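Let's take a walk through this protein together, with the sequence and the 3D view open side by side. We will go from one landmark to the next and look at the neighbours of a few chosen residues.

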Amino acid sequence: MRIIHGSPYARTNYVIWAMKELGLDFDVNPVNPMKGETRHPDYLALNPNGLIPTLEEGDLILWETMAINMYLAKTYGDGLLWATDPQQEAQIMQWLAFGHINLDKPAVNYLLHLNALPEEMRSEAKLEEAKTDIVPLLEILDGHLAGKDYLVDDRFTIADLSLAAILDYPRKAGYDLAKYSNLFPWLTRCLERPIRVDMNKM
Ligand SMILES: N[C@@H](CCC(=O)N[C@@H](CS)C(=O)NCC(=O)O)C(=O)O
């Protein structure tokens with residue numbers, strides 16, 4: 001039995017997308033941070049950080065989106081979402097770290113503090129910080145993608161999936177990504193995958 005605890009509108013969607021691409025069966029246990037459900041003792045017993053998502057797969061309890069998606073891709077995505085040699089594996093990990101450690105915070109904060117959080121929780125300073133911090137990261141990605149369809153090995157891997165899911169937040173918030181002539185077609189290519197299109201309809 002595989003359960004993803006979280007909300008499809010939060011970072012949980014990165015994991016749901018990966019499981020769907022891999023053709024894995026799973027149930028979603030809805031956990032809503034806005035209702036305080038991440039602070040419930042039963043949830044904290046699964047994830048002491050009180051954050052979503054958490055993956056439960058048999059005896060395995062795993063938190064941190066990057067670790068969950070690496071585990072899923074590595075375990076079930078041989079030659080599909082994961083690497084076929086150690087150098088590709090290292091490059092996938094490089095881009096995952098870049099995405100989850102560097103890009104995720106300004107990308108998500110841009111949406112949250114622009115309009116997704118309730119008005120009283122929004123911060124103009126955090127929005128400005130996100131706007132400043134995201135620019136050099138988008139330039140790095142755009143530069144890397146020149147002449148490439150995908151980040152690593154010119155095929156769709158968990159690195160593309162994770163970074164595209166991260167960038168879907170500012171895209172949905174109307175951030176002008178179209179001016180990045182390499183990044184934008186790549187992002188469109190990833191987000192137009194049928195599974196993602198279906199997810200974005202929900
Ligand atoms: N580094 C964590 C971040 C998880 C995270 O911040 N999740 C948000 C929702 S997208 C959350 O649970 N927020 C609730 C809170 O901050 O109390 C990961 O990638 O899994």
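**A guided walk through the model**

L81 is a good place to begin: with a relative accessible area of 2%, this residue is buried. Keep in mind as you look around that the model is predicted. L81 is found in the loop between α3 (65-76) and α4. Which residues does L81 touch, if we skip those up to four places away in sequence? They are A18, E21, L22, A73, I92, F156, T157, I158 and L161. You can also look across to A159, which is 78 residues from L81 along the chain, yet the C-alpha atoms of the two are separated by 8.2 Å.

The UniProt record helps to place this loop. An unreviewed entry there lists residues 1-80 as "domain: GST N-terminal", and it gives residues 85-202 as "domain: GST C-terminal". In the model, the span 1-80 is 35% helix and 21% strand, while the span 85-202 is 71% helix and 0% strand. The end C-alpha atoms lie 22 Å apart for residues 1-80 and 36 Å apart for residues 85-202.

Let's stay with residues 1-80 for a moment and turn to a pair of strands. Strand β3 (residues 54-57) and strand β4 (residues 60-63) run antiparallel and are joined by four bridges. If you pick out E56, you will find its bridge partner, I61, in β4. The hairpin of β3 and β4 has two residues between the strands, and G58 takes a positive phi near 60° there.

Now for the ligand. Which residues are around it? Look for A10, R11, P33, L51, I52, P53, E64 and T65. Some of these residues come with polar atoms at short listed distances. A nitrogen atom of the ligand is 2.8 Å from a polar backbone atom of I52. With E64 the side chain takes part: one of its N or O atoms is 2.7 Å from a nitrogen atom of the ligand. For T65, an N or O atom in the side chain is 2.7 Å from an oxygen atom of the ligand. On its own the ligand has 510 Å² of accessible area, and the protein covers 69% of that.

Next, follow the chain into helix α4, which takes in residues 86-116. Q88 lies in this helix and, at 10% relative accessibility, counts as buried. Its side chain is joined to that of D153 by a polar contact of 3.2 Å. Leaving aside neighbours within four places in sequence, Q88 is in contact with A83, V152, D153 and R155.

Further along α4 you reach N102. Is N102 buried or partly exposed? Its relative accessibility is 35%, so N102 counts as partly exposed, the range for that being 20% to 50%. Outside its neighbours within four places in sequence, N102 is in contact with A97 and L137. L177 is 75 residues from N102 in sequence, and their C-alpha atoms are 17 Å apart in space.

Our last stop is D104, also in helix α4. Why does D104 count as buried? Its relative accessibility is 7%, and buried means under 20%, so D104 falls in that class. Not counting residues up to four places away in sequence, D104 touches R11, Y14, G99 and I166. R11 brings us back to the ligand, since R11 is among the residues around it.

Methods:
Residues are numbered from 1 along each chain as its sequence is written. This is a predicted model: local features need pLDDT of at least 70, side-chain atom pairs count only at pLDDT 80 or more; totals for chains, interfaces and linings use all residues. Side-chain values use heavy atoms; hydrogens and water are left out. Buried means under 20% relative accessible area, exposed over 50%, partly exposed in between (1.4 Å probe, protein chains only). Contact means heavy atoms within 4.5 Å. Two strands pair if DSSP finds at least two bridges between them. UniProt positions are given in the numbering used here, feature names are shortened, and annotations may be inferred rather than shown by experiment. A residue is near a molecule or strand if one of its heavy atoms lies within 4 Å of it. A polar contact is a pair of N or O atoms within 3.5 Å; within protein, one must be able to donate a hydrogen and the other to accept it, and residues adjacent in sequence count only if both atoms are side-chain atoms. Accessible areas come from the Shrake-Rupley method with a 1.4 Å probe; for residues, only the protein chains shown count as cover.
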